[in-house]
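User: I'd love a close look at one helix here. Could you walk me through a single short helix and then set it beside the packing of the rest?

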Amino acid sequence: MDKPLTGSLQDTAPAPGAEEPPGAEERRRRGVHADVCGHIRNLIVHGELASGERINEVGLSEALGVSRTPIREALKVLAAEGLVELLPNRGSRVTTPSTDEIVNLFAVIAALERLAVETVTLQASAPALARLRALHDEMLRHHAEGDRDRYFELNHRIHETIIEMADNPQLSRTHADLMTRARRPRFIAITTDGRWDESVKEHELVMSAMELRDARFAGEILFRHVLKTGTAYTQSLAAARAA
């Protein structure tokens, strides 16, 4: 769940008669919009706004203490990310991707991450791999504690770190766009029976292969890991539809 908003526009406004530095109002407005967007995004990712659910702009406006303007602007951003569908003259709702869309999405992400992890395994310095290992071990602690939210944050950070370490700007841009669309399916996937534990084992294999500088094995395991995550999500969708 996202942290509560830091305050409304009124909360962050200067005291009466006080002078503001140039551009302060615009920065404040952008900050509120970013908070609102992040909050709604997390509601969707964590399943608190379900696939196909209509989005109550009035309810969100009241809950977050902001006007409907930043809500609507946030929904436009989330629509561009593929998380929200804007309905002409009828508001908006959380998107419901088809099975084919999910399969294709995760197939491309899997290929990109295989390329990245193979590159990193061959080229990363020992200290860089040690930093990745530290993130991995922290993720394992959250798994042992049963903290799915913190585990997911570290899991996502590890995937992003591998991409960053590959030092390929085009790869990074493409991956970032796709991961925005995959964030909800990835979170839902770890809530399915057995997938969380299986995912942890796969991450351990990838990390060990990287430390052994076995690029081919690291790439193959990560490729299959990403595909399995997509499959777990589509299976959860099928089960929900059959219920």
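Analyst: Happy to! On one side of helix H3, Glu 62 and Ala 63 are exposed, where exposed means over 50% relative accessible area, buried under 20% and partly exposed in between (1.4 Å probe, protein chains only). A word on the basis: this is a predicted model, in which local features need pLDDT of at least 70 and side-chain atom pairs count only at pLDDT 80 or more, while totals for chains, interfaces and linings use all residues. Residues are numbered from 1 along each chain as its sequence is written, and side-chain values use heavy atoms, leaving out hydrogens and water.

H3 spans residues 57–64, and Glu 57, Leu 60, Ser 61 and Leu 64 are buried in it; helices are DSSP runs (H or I, at least four residues), numbered from the N terminus. Seen down the axis, these buried residues fall within an arc of 100°, so they line one face of H3; the arc is that of the directions from the helix axis to the C-beta atoms.

Now for the two ends. At the start of H3, a side-chain oxygen of Asn 56 comes to within 3.1 Å of the backbone nitrogen of Val 58. After H3 comes Gly 65, with a positive phi near 70°.

As for the wider packing, the largest nonpolar core (buried Ala, Val, Leu, Ile, Met, Phe, Trp, Tyr and Cys residues joined through side-chain atoms within 4.5 Å) has 43 residues. Ile 109, Val 117, Val 120, Ile 162 and Met 210 have the most contacts inside this core. Helix H5 (99–123) is among the helices that each supply at least two of its residues, and H5 gives the most, with 9.

Notes
A polar contact is a pair of N or O atoms within 3.5 Å; within protein, one must be able to donate a hydrogen and the other to accept it, and residues adjacent in sequence count only if both atoms are side-chain atoms.
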